[in-house]
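Visitor: I am new here. Please walk me through this chain, one question at a time.

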Amino acid sequence: EGRSGLVHWYAMLLANLTTSPKGQEAACTDDAMLRFLLAAFVTKQRPPPRDGYDDPLLFLGKVVGNVCALELGRRALAGGDQGTASATALAKELKDRARRPDVVAALRNLCLDVECHAALIGADVFAAMAPFLFPVSAERAALPEDVAAALAADGAALTGDGTVRFASAICILGLCRSADGRAYLRSRGAVEVIRAWRSEEADEETRNALDTSAPTLAEEGPAAEEAPEDTSTAGGAQVVGDAPPRVTQGPLPARDPAAGSGEGELVELFAGIGGFRLGLEPLGGRCVFAAEVDPGARAVYSENFRDEAEPLGDVEAIDAADIPEHDILTAGFPCQPFAQCNTGNAALTGSLREGPGIHGRERGGALAFEVVRILRSCRPPAFLLENVPNLQNFNDGRD
């Protein structure tokens, strides 16, 4: 559009839009535009700081990572004749600490896809990651000469960002899924890097990922030609075999068919713009009823979902008998009257039911009791409330 002064807002909008599968698909539709966004992200001539953002293009990193959640996006960025060049440009951004978490997240999605390995190997992504994975005090003599020289030049030190370390461990694990990836990692000193890194790694999940990769990389010959056997991390998450989720931040995960149907009806009270629904529908839930008093939030909700669960208004005006049968009820009711930070309310009223609330004394803080009223009438098998700890303790628990 030519208005670079607004680029940070455009980047944020695109980052939000691409958190959904439809948004990711839309971003992948125009291959030239997608490559333009990547080029804008990696360009060294950045727009000047604006509105408190030192890097107005920072959020384009999230766009790239979100798009790489789709096979179509991975093929667009890391496939074809330009794949290696795109991966190389992306890997160079790892030197920017502010951008690093989003770039590693994008590379993780690419590393888990064997079809992208040729581009990643051509870009030498592991060498770009090693400077923030190799402990500063570790011995470098066993590393390839050029890698050791790069570590010395860049001032190598193990990053303190646990999210980056875990995503990097998954990158290595992903590259272990192909013979070419394993051969590449061995040639770039990954065994030595993992050994030094593992000795200082405090996070259990990251250690488990490293422990899964290390034996495969340490072996050579026919025994090492197969990808690692299935191994579980803490909490039972699959690390190898069935790849871990490609996206842990940003896009919602698709339902895992192996986890069972998970089907059930959902009711949202104090629905806002549908936060609970966004979390539960990918697990198999289907919203059959919603209520939200704010007209603006209702309009956004209706535009987002466009289905039979058109949100009604004031919860207090709803007859529980009109609510369809459901399996789980969710509610994010106002908490100001009994939030721990609002000690004045507690001291003045001593009662949640009689507190001044957010709409005046006639409504009081009684909106929480509307949830109780509907639960007592509908008696769903489960309910989920998003609120503050003081809910249980207000008025010494009598409410």
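**A tour of cores, strands and rings**

Guide: This is a predicted model. Both Phe270 and Phe333 are buried.

Visitor: How do Phe270 and Phe333 pair, edge-to-face or stacked?
Guide: Their ring centres are 6.2 Å apart, and the planes meet at 70°. Planes over 60 degrees apart count as edge-to-face. So the pair of Phe270 and Phe333 is edge-to-face.

Visitor: How many residues apart in sequence are the parts that this pair ties together?
Guide: Phe270 lies in the loop between strand 1 and helix 15. Phe333 lies in the loop between strand 3 and helix 17 (343–349). The pair therefore ties together parts separated in sequence by 63 residues.

Visitor: Is strand 1 mostly covered or mostly uncovered?
Guide: Strand 1 spans residues 264–269. Five of its six residues are buried. Strand 1 is mostly covered.

Visitor: In which sense do strand 1 and strand 2 pair?
Guide: Strand 2 covers residues 285–290. Glu265 has Arg286 in strand 2 as its bridge partner. Five bridges join strand 1 and strand 2, and the sense is parallel.

Visitor: Is the crossover from strand 1 to strand 2 right-handed or left-handed?
Guide: The chain leaves strand 1 and passes through helix 15 (residues 275–280). It then reaches strand 2, giving a β-α-β crossover. That crossover is right-handed.

Visitor: Which residue in strand 3 is the bridge partner of Val267?
Guide: Strand 3 (residues 328–331) pairs with strand 1 in the parallel sense. Four bridges make up that pairing. In strand 3, the partner of Val267 is Leu329.

Visitor: Which helix gives the most to the largest nonpolar core?
Guide: That core holds 69 residues, and Leu90, Leu107, Leu120 and Leu185 touch the most other members. Eight residues come from the top contributor, which spans residues 162–175. It is helix 11.

Visitor: How many residues are in the second, separate core?
Guide: Its members include Phe270, Phe289, Ile318 and Leu329. The second core has 18 residues.

Visitor: Is Trp9 buried, exposed or partly exposed?
Guide: Its relative accessibility is 40%. Buried means under 20%, and exposed means over 50%. So Trp9 counts as partly exposed.

Visitor: Which residues do ring pairs link into a cluster with Trp9?
Guide: Tyr53, partly exposed at 27% relative accessible area, belongs to this cluster. A further ring completes the group. The residues linked with Trp9 are Tyr53 and Phe59.

Key: Residues are numbered from 1 along each chain as its sequence is written. This is a predicted model: local features need pLDDT of at least 70, side-chain atom pairs count only at pLDDT 80 or more; totals for chains, interfaces and linings use all residues. Side-chain values use heavy atoms; hydrogens and water are left out. A nonpolar core is a set of buried Ala, Val, Leu, Ile, Met, Phe, Trp, Tyr and Cys residues joined through side-chain atoms within 4.5 Å. Buried means under 20% relative accessible area, exposed over 50%, partly exposed in between (1.4 Å probe, protein chains only). Helices (H or I, at least four residues) and strands (E, at least two) are DSSP runs, numbered from the N terminus. Two strands pair if DSSP finds at least two bridges between them. A crossover is right-handed if, with the strands pointing away from the viewer, the path from the first strand over the helix to the second runs clockwise. Rings of Phe, Tyr and Trp (its six-membered ring) pair if their centres lie within 6.5 Å; planes under 30 degrees apart count as stacked, over 60 as edge-to-face and the rest as tilted.
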